[in-house]
Structure formats: structure tokens, C-alpha cells
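Student: I'd like a close look at one part of this model. Pick a pairing and build outward from there. Keep it brisk, please.

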Amino acid sequence: MQSQISSNNRKSVLLLIMFPVILLVMTWVFIAIITYLESGNIDPYGNSYYSFDIAATNEAFLQAMPWVVGVVAIWFLIAYKFNASMVRQATGARPLERRENMRVYNIVENLCIAGGMNMPKVYVVDDPQLNAFASGIDEKSYAVTLTTGILDTLNDEELAGVVGHELTHIRNRDTRLLITSIIFVGIVSTVMSVIVRTMYYTFIYGGNTRSRNDSNNKNNGLGIVVVLGIALLCSAIAYFFILLTRFAISRKREYMADAGGAELCGNPLALASALRKIASLPGLTQVKRDDIAQLFIVHPQNLTSGFTKFFSSAFSTHPDTAKRIEILEQF
């Protein structure tokens with residue numbers, strides 16, 4: 001377990017370095033493409049030609065870099081500080097009072113004592129579907145969240161296995177790693193969304209030119225669309241590489257959490273049984289963000305469909321649930 005904690009700490013540092021690097025590289029690529037397109041000239045024979053000026057590209061990049069770093073840093077710090085409220089808002093979680101469900105508090109407290117760790121906050125989501133997740137970046141924000149469906153469906157031993165799994169995520173600091181990933185994925189996703197919206201409004205309002213003298217406006221609108229198209233392409237590439245980096249977090253963490261949960265509750269078969277029940281009805285209906293869904297004990301694939309589903313599954317941080325159950329049953 002200590003080796004897993006050390007590994008996750010190193011990966012957290014790597015993520016903090018890699019994500020900004022990816023964003024800066026794509027910023028440089030965007031500037032390089034724009035600089036290249038702006039270098040167009042006509043030779044004496046009437047042929048257009050372009051040239052790449054690396055000095056001009058680097059100069060423009062150095063001017064843009066402080067703004068990119070500044071915006072990303074401020075965004076990251078705000079999201080990092082308010083990650084707990086961000087997750088609660090996305091999932092609809094609310095605090096679970098001790099008097100509301102002594103059963104859950106007894107299970108969490110006993111497992112924390114067995115694991116020699118402080119007790120996290122306990123939240124509940126009013127949803128008949130079955131799922132659970134751990135979140136938080138430090139002792140003040142660590143939390144275990146369960147759906148009402150999972151509380152009503154699982155017996156005490158199965159619920160102890162699920163809670164043990166989530167407590168292991170906290171003990172191994174997996175949650176800090178995933179929260180970091182969620183923030184950076186959110187940054188790039190938002191940038192892509194803004195670009196798409198801007199392109200849409202440019203097409204709608206940029207095309208409503210009625211005067212004969214509006215040819216310049218049309219050309220300007222076309223130029224804006226080209227620039228936005230390049231920006232969208234660079235953002236999509238950045239998003240792809242960020243997904244690859246997130247994939248490097250490794251699905252091994254789920255196997256480790258399963259092993260830790262089985263160890264804490266002392267009953268691997270109970271956790272296997274719980275996973276089987278959860279897999280039959282996973283998901284949180286009101287959660288629309290796939291990055292948040294990466295926190296769940298079983299990823300609800302119904303959040304995506306078609307090619308997006310394949311793409312998300314290919315880069316999911318969760319291994320196949322049937323395989324996890326098979327391994328637990330071999331303990």
C-alpha cells in the first residue's frame with residue numbers, strides 16, 4: 001500500500017507538470033500555424049507561397065505564454081480549492097447525518113479504525129441506482145458518497161466492502177490524483193466548448209450581411225472561422241493527449257482499491273457480490289459529466305454512446321467489472 005501511495009504521489013506531480021506542458025505545446029502549435037498562414041505571398045509568376053518564421057512564432061508564443069500560464073494557474077487553484085463543492089454540485093450529494101443512518105456511520109467508523117485512518121465525511125445521493133465514490137484532496141475534504149439505492153440494496157457485509165474500497169482510494173491518495181485530472185480535463189473541455197459556440201455564432205451572425213459593401217465583413221468572418229477551426233483542432237489534440245496522460249494513472253488503482261477493500265472488510269466475496277449488484281444498475285441519473293463519473297466504483301457507460309462510448313471506454317481508468325469480480329472470487 002505504501003508503494004502505491006508513493007507511486008500516486010509521483011504521478012500527481014507528473015500530472016501537474018504534463019497537463020500545462022500539453023497546453024503550452026498546443027498553444028505554440030496554434031501560433032505556428034497562424035504565423036505560417038499569415039506569411040502568404042505571391043511570387044512574380046502569380047503563385048502563392050508560404051514560409052515558416054520560427055523567430056516570429058517564438059516571439060508571439062513568449063508574449064502569449066504568461067497569459068496562458070496565468071489563466072490556467074488561477075483556474076486550477078480555484079477549482080482545486082473548491083473541488084469538494086464542485087463534485088457535490090455535479091452529483092447532487094448532501095451530508096448524511098449520523099442520526100439519519102447509524103448503520104452507515106458504524107460501518108465507516110469500524111473500517112477507519114481497522115485501517116488506522118481518520119474518518120472522512122459521509123454524503124448521500126438520493127438516487128435509486130447503485131453507486132459510490134470517494135473524493136477530496138486532504139483531510140478536510142475527504143468524503144465517501146453513497147446512493148440511497150446502494151444503502152437499500154446491499155447487506156452490511158457488501159456495504160462494508162464498498163466502503164472499504166472507497167476508503168482505500170482515500171488512503172492511497174487516488175482521489176487527489178483524479179481530482180487533478182478532472183480539473184485539467186475540464187479546462188480543455190471548456191475551451192473547446194467556447195470555441196464551438198463562437199464558431200456557431202460567427203456562422204449565424206457573420207453570414208447575415210446584406211449590403212454590397214459587406215464583402216470585407218464576409219472575408220473577416222471567414223478568417224475568424226479559419227482561426228477558430230485551427231484553435232478547435234489544437235484543443236482537440238490537447239484533449240486527446242490529456243486523456244492519454246489520465247490513462248497513465250493506470251487501471252491498477254481500482255484493483256488495488258478492491259484488494260484494500262477486501263482486506264479492510266475481511267470478506268472478498270462480499271465485495272465481489274456488491275460489485276455484481278452495482279454493475280446491474282450503475283450510474284447516477286443526474287450526473288452528466290463523464291470526468292466526474294471516473295470517481296464511481298463502477299463507471300456507468302450509459303453516459304456516452306456510439307463512437308464517444310468507445311473512445312471513453314478505451315481511455316477509461318476503470319477495468320472491466322467482471323474481471324474485478326473474478327479476481328476477488330479467487331482470494
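Tutor: Start at one bridge. F133 has T145 in strand 6 as its bridge partner. Keep in mind that this is a predicted model. F133 falls within strand 5, which covers residues 132-135. Strand 5 pairs with strand 6 in the antiparallel sense, and four bridges hold that pairing. A second pair to find is A134, which stands opposite V144 of strand 6.

Now look at strand 6 itself, residues 143-147. Five of its five residues are buried, so strand 6 is mostly covered. Its side chains split into two sets. A143, T145 and T147 point one way. V144 and L146 point the other way. Both sets are buried. T145, the partner of F133, therefore belongs to the set with A143 and T147, and is buried with them. V144, which faces A134 across the pairing, belongs with L146.

Cross to strand 4, residues 121-125. Strand 4 pairs with strand 6 too, but here the sense is parallel and there are five bridges. Two matches mark out the register. K121 stands opposite A143 of strand 6. V125 has T147 of strand 6 as its bridge partner. Strand 4 is largely enclosed by the rest of the structure, because four of its five residues are buried.

Go one strand further. Strand 3 is short, residues 94-95, and two bridges join it to strand 4. These two strands run antiparallel. P95 can be located by its bridge partner in strand 4, Y123.

Put the pieces together. Four strands make an open sheet, ordered 3-4-6-5. The pairing is mixed. Strand 3 and strand 5 are the edge strands, each pairing on one side only. You can trace the mix directly: antiparallel from strand 3 to strand 4, parallel from strand 4 to strand 6, antiparallel from strand 6 to strand 5.

Next, leave the sheet at its strand 3 edge. N101 sits in the loop that leads from strand 3 to helix 4, residues 102-115. Is N101 buried or exposed? Its relative accessible area is 17%, and the cut-off for buried is under 20%, so N101 counts as buried. Set aside neighbours within four places in sequence, and the contacts of N101 are L96 and L151.

Another loop deserves a stop. R173 lies between helix 6 (156-171) and helix 7 (174-206). Its phi is positive, about 65 degrees, yet R173 is not a glycine. Most residues other than glycine have a negative phi. R173 has 32% relative accessibility, so it counts as partly exposed.

Last, turn to the helices. Two packed helices are described by the angle between their axes and the distance between the axes. Take helix 9, residues 252-265, against helix 13, residues 321-328. Their axes lie 11 Å apart, at an angle of about 40 degrees. That angle makes helix 9 oblique to helix 13. The crossing is right-handed. Helix 9 contributes E254, Y255, D258 and A262 to the contact. Helix 13 contributes K323, R324, I327 and L328. By class, that contact has four nonpolar residues, four charged and no polar ones.

Helix 9 also packs on helix 10, residues 268-280. Here the axes come within 8 Å and cross at roughly 125 degrees. So helix 9 and helix 10 are oblique to each other. This crossing is right-handed as well. From helix 9, the contact takes D258, G261 and A262. From helix 10 come P268, L271 and L275. The classes here are four nonpolar, one polar and one charged. Check D258 and A262 on screen: both serve the contact with helix 13, and both serve the contact with helix 10.

Step back for the whole chain. The protein chain has 13 helices and six strands. Of its 331 residues, 46% count as buried. Among contacts with a separation of 6 or more, 71% join residues 24 or more positions apart.

Key
Residues are numbered from 1 along each chain as its sequence is written. This is a predicted model: local features need pLDDT of at least 70, side-chain atom pairs count only at pLDDT 80 or more; totals for chains, interfaces and linings use all residues. Side-chain values use heavy atoms; hydrogens and water are left out. Axes are lines fitted to C-alpha atoms, for helices over the stretch in contact, and angles run from 0 to 180 degrees between N-to-C directions. Angles under 35 degrees count as roughly parallel, over 145 as roughly antiparallel, 65 to 115 as roughly perpendicular and the rest as oblique. A crossing is left-handed if the near helix is turned anticlockwise from the far one by less than a right angle, and right-handed if clockwise. Contact means heavy atoms within 4.5 Å. Ala, Val, Leu, Ile, Met, Phe, Trp, Tyr, Cys and Pro count as nonpolar, Asp, Glu, Lys and Arg as charged, and the others, Gly among them, as polar. Buried means under 20% relative accessible area, exposed over 50%, partly exposed in between (1.4 Å probe, protein chains only). Two strands pair if DSSP finds at least two bridges between them.
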